[in-house]
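Visitor: Could you take me through one part of this model at close range? I'd like to look at the place where the protein meets the DNA strand, and then at what lies behind it.

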Number of protein chains: 2
Amino acid sequence: MKVTQLANKLGVSADTVRFYTRIGLLNPSKSPNNGYKTFNHKDMVRMQFILSARNLGFSVEDIKVIFSKTDLGDSACQLVRELIKVKLLETEQQFNEMVKLRSKLSKAIQDWSQMPDNIPTGNMICHLIENTNQEDIVSEELDVPHCVNETSTEVK
Amino acid sequence: MKVTQLANKLGVSADTVRFYTRIGLLNPSKSPNNGYKTFNHKDMVRMQFILSARNLGFSVEDIKVIFSKTDLGDSACQLVRELIKVKLLETEQQFNEMVKLRSKLSKAIQDWSQMPDNIPTGNMICHLIENTNQEDIVSEELDVPHCVNETSTEVK
DNA sequence: CTTGAGCTGTGTGTAACACACAGAGTTATA
DNA sequence: TATAACTCTGTGTGTTACACACAGCTCAAG
């Protein structure tokens, strides 16, 4: 099988197959006459595994680590069980950030509906954005006296 | 103000300031004697705006477009209102994907708790992963007769 | 003047591919 | 067999938003 054939069979782009080959996840043999990559059944199993793992959110690096065990004939199950727990935690975290961002955005859209369109000044570029963020930083760090000194440090 | 001073004042890394300068979002003047970037008040307002916009999920490219209006003295409010709507849609979409991934992961963890640790074979690298994904692809595309022909196309 | 700390700009790396492109291979037609 | 037309290949580069490395410059202390 050549690159494009494998790609079509698994519903991915030829570039994806080339990419996984380039980074060493796939090791097709090379046709001696034209140098083309030649994939066999094992390579396809490997590629399917990669796609399944990616589908579960595993990174290419994760997959590399997994292969480093399975290529030695060892079971990767324990490793995979651990990796997925980490993945879940990461996903939860990203999920929470999505939630925060989403509500921030909806709130902004709503708030902005009652605000005028202003023209930029030397101190304000777009009041919609600048005022929005003032709110959720308020008790974070801008409560320290800011921008009062150092301004005259402009020595030269 | 030099790079590090501005960075510290706004709580970001000097590299971030340099980056925004490099891509043209900031245009500090350069000290004629040593070539160092020199930031004034306007540059700081600009930088704060960038940070606020990034905080709302706007991309650097978005910000570039915004500046292309405000730098001409035009109001960017209408533009910003449109951009944020798009942002919200994108966020909703990513949010949904997060939800799907999260449940996929939890389900996998649960299912796997009752499955043995297997050793890789020629057809299966890690049954945990390979079997998990079989499930949610089942009615997608693998229901077409797959992998029955072409295998013998291996001419040479 | 020298030393050393600190700062600077620039080049490169990151994740996971997508795209571009020249050159080689393959096929169809003459 | 020649040639045109098309397909395929490998490789180089672009993507996002910075982080890191590093040589060289600046500046204060001695």
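Guide: Here's a walk along the surface near DNA strand C, followed by the interface of the two protein chains. Keep in mind that this is a predicted model. Start with the DNA. DNA strand C is surrounded by 19 residues, and the closest come from both chains: Asp15(A), Tyr20(A) and Arg54(A), plus Thr4(B) and Lys37(B). If you look at which atoms of DNA strand C come within 4 Å of the protein, sugar and phosphate make up 60% of them.

Now zoom in on the phosphates. Tyr20(A), already on the list of closest residues, has a polar side-chain atom 2.6 Å from a phosphate oxygen of the strand. Thr16(A) also uses its side chain, with an N or O atom 3.0 Å from a phosphate oxygen of DNA strand C. Over on chain B, Val3(B) does it with its backbone: an N or O atom there sits 3.2 Å from a phosphate oxygen of DNA strand C. Step back to the elements, and those giving two or more residues to this surface are α2 (14–22) of chain A and, from chain B, α1 (3–10) and α2 (14–22). The largest share belongs to α2(A), with five residues. By class, the surface near DNA strand C is a mix of seven charged, six polar and six nonpolar residues.

Both chains show up at the DNA, so to speak, and they also meet each other: 72 residues of chain A are in contact with 72 of chain B. Together the two chains bury about 6,000 Å², and 68% of that is on carbon and sulfur atoms. There's polar business here too. Four salt bridges cross the interface of chain A and chain B; one of the salt bridges in the model joins the side chains of Arg102(A) and Glu92(B), at 3.6 Å from N to O. Across that interface you'll also find 14 residue pairs in polar contact. On the chain A side, two or more residues each come from α1 (3–10), α3 (41–55), α4 (60–70), α5 (77–112) and α6 (127–137). The largest share is from α5(A), which gives 22 residues. Sorted by class, this side of chain A has 34 nonpolar, 22 polar and 16 charged residues.

One last thing, on confidence. Chain A has a mean pLDDT of 85, with 85% of its residues at 70 or more. Residues 137–156 of chain A are another story: pLDDT stays under 50 there, and the model has 13 contacts beyond four places in sequence for that stretch.

Note on methods
Residues are numbered from 1 along each chain as its sequence is written. Chains are lettered from A and ligands numbered from 1 in the order in which they are written. This is a predicted model: local features need pLDDT of at least 70, side-chain atom pairs count only at pLDDT 80 or more; totals for chains, interfaces and linings use all residues. Side-chain values use heavy atoms; hydrogens and water are left out. A residue is near a molecule or strand if one of its heavy atoms lies within 4 Å of it. A polar contact is a pair of N or O atoms within 3.5 Å; within protein, one must be able to donate a hydrogen and the other to accept it, and residues adjacent in sequence count only if both atoms are side-chain atoms. Helices (H or I, at least four residues) and strands (E, at least two) are DSSP runs, numbered from the N terminus. Ala, Val, Leu, Ile, Met, Phe, Trp, Tyr, Cys and Pro count as nonpolar, Asp, Glu, Lys and Arg as charged, and the others, Gly among them, as polar. pLDDT is the predictor's confidence in each residue, from 0 to 100. Contact means heavy atoms within 4.5 Å. Buried area is the accessible area (1.4 Å probe) that two parts lose on being put together, summed over both.
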